[in-house]
Structures are given as C-alpha cells and as structure tokens.
Amino acid sequence: MNDDAVGDGSGLGFERDERGVATIVLRRPDAANALDQPLADALVTVTARIAADPDVRVVVLRAEGRFFCAGGDVKAMVAADDRPAMLDHLADTIHRSLAVLDGLAVPVVAAIQGPVAGGGLGLVLAADIAIAADSAHFSTAYTGVGLSPDCGVSALLPKAVGFRRAMRMLLHGDRIDAATAADWGLIDLAVPADGLESAVTAEVERMLAGPHPGLGEARRLVRASYARGYADQLDDERRTIARMGGTDAAANRLARFA
C-alpha cells in the first residue's frame with residue numbers, strides 16, 4: 001500500500017510495509033497539520049483499509065513540519081457559510097476514523113515531533129504508545145476559540161492524566177511541555193528531538209517482536225473496557241484468551257515457558 005490509497009491533495013500520507021507496519025502521516029505542514037474535511041475523509045479511508053488488512057501488525061501516527069497537529073482547521077471554520085453544519089460534518093467524519101482506530105486489535109504508536117492542540121490531542125490519545133520530542137507541547141486550545149472538546153478528548157484525557165489535571169487543561173487552557181506530559185501520563189516518553197526517530201523505531205521493533213495477535217488483542221480489550229460493564233468485559237476476555245490459545249504464537253511461547 002502507498003500514498004495512492006488516499007488520493008492527491010488529501011493532506012494525508014499512508015503506506016504499509018512488508019513487515020506489517022502501517023504508517024499514517026499528516027501532511028499539511030503549512031497549516032500546522034490542522035484537520036480539514038479532505039484530511040478527515042482520507043482518515044476514514046485509511047483506517048478502514050487498516051481494519052480490513054489482517055497483515056497489519058503495528059500502526060504508526062506521524063506528521064510533517066513543525067506541528068504534529070493543531071486541531072481543527074480554524075480558517076475553514078471562519079470561512080464556513082453554515083459553521084454548525086460544517087463542524088458537525090467534520091467532527092462526525094473524524095470521529096468515525098477514531099472509532100475504527102479505537103477498535104483495532106493492533107497497537108498504535110504516535111511519533112510526536114511538535115506541538116499538539118485541540119483535536120490533535122485526540123490523535124495522541126488514540127495511540128497506545130506516544131513518544132514526543134522534548135520540544136513538543138500540548139494544550140486543549142478549545143477555550144481560545146470558544147469551542148467544546150471533540151475527537152474523544154473529553155473521554156480519554158481524564159483517563160490519561162486524571163480528572164483534576166484534565167479539567168485544568170480544558171477550563172484554563174493550560175499548556176504543558178513534553179516532560180510534564182510524560183510525568184502526567186499523556187505521553188509515554190519525551191526524548192531529544194534528534195532521538196525521536198530512534199525511540200519510535202525501537203518501540204515499533206518491540207511490537208513486531210511481540211506475540212501476534214496477542215498484543216493487539218490486549219490493546220483492544222483495554223480500550224473496549226472503557227465503554228462497558230465488568231461482566232461483558234469478562235465474557236470478551238474469556239472468548240479472546242480461548243481464541244489466542246489456538247494461535248501458533250501462543251503454542252510456541254507456551255511450549256518454551258513449560
């Protein structure tokens with residue numbers, strides 16, 4: 001798979017290599033990788049392709065330019081003839097792609113090379129492992145434009161950093177640096193900018209070396225637990241561990257362990 005899968009002018013790049021690493025790249029650097037409708041449409045296409053591809057082992061989220069993602073495209077919001085309708089359509093489209101990402105039985109790694117704001121936090125929170133350059137910073141940004149959270153931020157930010165910290169970020173518009181984001185649990189690791197690629201590569205290699213599909217199913221189970229009761233979670237765990245018991249990866253590792 002390559003960038004042709006999403007079409008020219010979408011602001012999104014995509015490829016899947018022979019090892020099963022699917023890479024999504026935000027490519028609107030001159031617009032701080034803000035999320036507009038063409039990019040949102042492309043995200044729906046790409047996430048559907050990933051979900052339908054049984055050979056994907058890891059998903060990597062990346063961005064080009066100085067910003068990772070500044071959230072929704074404010075210029076497009078200002079120019080919209082019917083702003084509520086425009087925002088409803090844009091949010092609905094992005095949310096469909098995020099729902100697909102959330103349900104994947106595949107680990108997701110984010111490589112965050114620059115600042116993140118607004119809906120961009122939703123992309124960070126969609127990742128299971130998030131590694132940022134120490135020059136990056138993070139803010140909700142919604143108060144600055146008079147809008148409410150989207151992209152799952154209101155649900156996932158409190159789970160990542162805790163209720164009080166999430167509320168300060170949302171109500172005060174507090175911006176936190178990469179070291180603080182790591183300390184709070186918003187990201188996993190803050191590294192020097194020139195070490196970001198090696199850190200992300202090491203994490204991807206670690207995921208590839210792990211048991212497939214067991215790692216992905218562990219990821220899916222944890223994320224599914226947010227939206228349902230304990231008994232339903234137990235049922236899913238039972239079915240999933242039984243299914244994993246029939247895989248070659250489990251057979252080989254169980255034999256070595258025994």
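The points below go from the overall fold of this predicted model to two of its helices and one strand residue.

1. Overall architecture. The secondary structure of the protein consists of 12 helices and nine strands. Its radius of gyration is 18 Å, close to the 18 Å that the globule rule gives for 258 residues, so the protein is as compact as a globular protein of that length. Measured off along the principal axes, the C-alpha trace spans about 60 × 45 × 40 Å.

2. Burial and contacts. Of the 258 residues in the protein, 45% are buried. Among contacts with a separation of 6 or more, 69% are between residues 24 or more positions apart.

3. Surface and charge. The protein exposes about 12600 Å², and carbon and sulfur atoms supply 54% of that area. There are 26 positive and 35 negative side chains, with the centres of the two sets lying 5 Å apart.

4. Helix α7. In this helix, which runs over residues 163-172, the buried residues are A166, M169 and L170. These three cover an arc of only 90 degrees around the axis, which puts them on the same side of α7. An α-helix has 3.6 residues a turn, so residues three or four places apart point the same way. The face turned away from the buried side of α7 carries the exposed residues R164, L171 and H172, and a leucine is therefore found on each of the two faces, L170 among the buried residues and L171 among the exposed ones.

5. Surroundings of α7. The buried residues of α7 pack against the helices α4 (120-126), α5 (142-145), α6 (153-161) and α8 (178-184), and also against the strands β7 (137-139) and β8 (175-177). After α7 comes G173, which has a positive phi, near 70 degrees.

6. Residue S139. This serine has its place in strand β7, one of the elements against which the buried residues of α7 pack. With a relative accessibility of 12%, S139 counts as buried, because the cut-off for that class is under 20%. Leaving aside neighbours within four places in sequence, S139 is in contact with V116, A117, G118, L121, M169, D174 and R175; of these, M169 is one of the buried residues of α7.

7. Helix α10. Here, within residues 214-224, the buried set comprises G216, E217, R219, R220, L221, R223 and A224, and thus includes the charged side chains of E217, R219, R220 and R223. The buried residues of α10 pack against α3 (83-103), β4 (108-112), α4, α6 and α11 (230-244). Both α4 and α6 also appear among the elements that pack against the buried residues of α7.

Notes:
Residues numbered from 1 in each chain as written. Predicted model: local features only at pLDDT ≥ 70, side-chain atom pairs only at ≥ 80, totals over all residues. Heavy atoms only, no water. Helix = DSSP H or I, 4+ residues; strand = E, 2+ residues; numbered from the N terminus. Rg over C-alpha atoms; globule rule 2.2 N^0.38 Å. Buried < 20%, exposed > 50% of the residue type's maximum accessible area, 1.4 Å probe, protein only. Contact = heavy atoms within 4.5 Å. Areas by Shrake-Rupley, 256 points an atom, 1.4 Å probe, with all protein chains shown as cover. Charge placed at Lys NZ, Arg CZ, Asp CG, Glu CD. Arc of directions from axis to C-beta.
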